[in-house]
Amino acid sequence: HQQHVAVPSEAWSDERFKFIPQLHEERYQSMLSVPLIWKGEVIGVVNVRTHAPHDYTKTQVQLLSSIASQ
């Protein structure tokens, strides 16, 4: 959908979450995902995760979005 997703806790239970066992993702609580967009198409995502539950701020979302747009 070309927009960020912020999950403050139990990220693994979100229907959009794709679990990859080798990454031991069950130990993370929160996740912020921002799309990588090239020529109007999503080509990937940048993820930030925390071990403890975390509500991502507007500033954090904007910062990661700026990084992803580079």
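**View 1. L32 and its neighbours in the predicted model.** This is a predicted model, and the first close-up is on L32, which touches H4, V5, A6, V46, N47, V48, Y56, Q60, V61 and L64, leaving out residues up to four places away in sequence. If you're picking atoms to display, that contact list is a handy selection. L32 also belongs to the largest nonpolar core, which gets its own view next.

**View 2. The largest nonpolar core.** Six residues make up this one: L32, V34, Y56, V61, L64 and A68. Strand 2 and helix 1 (58-69) each put in at least two of them. Helix 1 is the top contributor, with 3 residues. As background, nonpolar side chains in soluble globular proteins tend to be buried together. Two of the core members that L32 touches are V61 and L64.

**View 3. The largest pocket.** Here we're looking at a pocket with a volume of about 440 Å³. Its lining counts 21 residues, and V5, R16, S33, V45 and N47 are the ones nearest the centre. Strand 1 (5-7), strand 2 (30-38) and strand 3 (41-50) are the elements that give two or more residues to that lining. Sorted by class, the lining has 10 nonpolar, 6 polar and 5 charged residues, which may be useful to know before you set up a probe of your own. V5 and N47, listed among the residues nearest the pocket centre, also turn up among the contacts of L32.

**View 4. How the strands pair.** Strand 2 pairs with strand 1 in the antiparallel sense, over 3 bridges. Strand 2 and strand 3 are antiparallel too, and they pair over 9 bridges. To follow the register, start with V7, whose bridge partner in strand 2 is M31. Then go to S30, which stands opposite T50 in strand 3, and on to I37, which stands opposite V42 in strand 3. One thing to keep in mind while scanning the side chains: in a regular strand they alternate between the two faces of the sheet.

**View 5. The hairpin of strand 2 and strand 3, with K39.** There are 2 residues between the strands in this hairpin, and K39 takes a positive phi near 55°. K39 isn't a glycine, and it lies in the loop between strand 2 and strand 3. Most residues other than glycine have a negative phi. Is K39 buried or exposed? It counts as exposed because its relative accessibility is 72%, over the 50% cut-off. W38 is placed in strand 2, and its relative accessible area of 55% makes it exposed as well. For a sense of scale, W38 and P21 are 17 residues apart in sequence, yet their C-alpha atoms are 29 Å apart in space.

**View 6. Q2, in the segment before strand 1.** Q2 is another non-glycine residue with a positive phi, about 55°. Q2 lies in the segment before strand 1. At 42% relative accessibility Q2 counts as partly exposed, so it falls between the 20% and 50% cut-offs.

**View 7. F19, in the loop between strand 1 and strand 2.** F19 is found in the loop between strand 1 and strand 2. How exposed is this aromatic side chain's residue? F19 counts as partly exposed, at 43% relative accessibility. Which residues does F19 contact beyond its neighbours within four places in sequence? The partners are E25 and E26.

**View 8. A52, in the loop between strand 3 and helix 1.** A52 is found in the loop between strand 3 and helix 1. With a relative accessible area of 44%, A52 is partly exposed. Not counting residues up to four places away in sequence, A52 touches Q29 and S30. S30 is the residue that stands opposite T50 in strand 3, so View 4 is a good companion here. A52 and S13 are 39 residues apart in sequence, and the C-alpha to C-alpha distance is 15 Å.

Definitions and conventions:
Residues are numbered from 1 along each chain as its sequence is written. This is a predicted model: local features need pLDDT of at least 70, side-chain atom pairs count only at pLDDT 80 or more; totals for chains, interfaces and linings use all residues. Side-chain values use heavy atoms; hydrogens and water are left out. On a 1 Å grid over the protein atoms alone, a cavity is a set of points where a 1.4 Å probe fits but cannot get out, and a pocket is an open set with protein on both sides within 12 Å along at least five of seven lines; lining residues have an atom within 4 Å of a point. Grid points are joined across faces, edges and corners, and a volume is the space filled by probe spheres set on the points. Ala, Val, Leu, Ile, Met, Phe, Trp, Tyr, Cys and Pro count as nonpolar, Asp, Glu, Lys and Arg as charged, and the others, Gly among them, as polar. A nonpolar core is a set of buried Ala, Val, Leu, Ile, Met, Phe, Trp, Tyr and Cys residues joined through side-chain atoms within 4.5 Å. Buried means under 20% relative accessible area, exposed over 50%, partly exposed in between (1.4 Å probe, protein chains only). Contact means heavy atoms within 4.5 Å. Two strands pair if DSSP finds at least two bridges between them.
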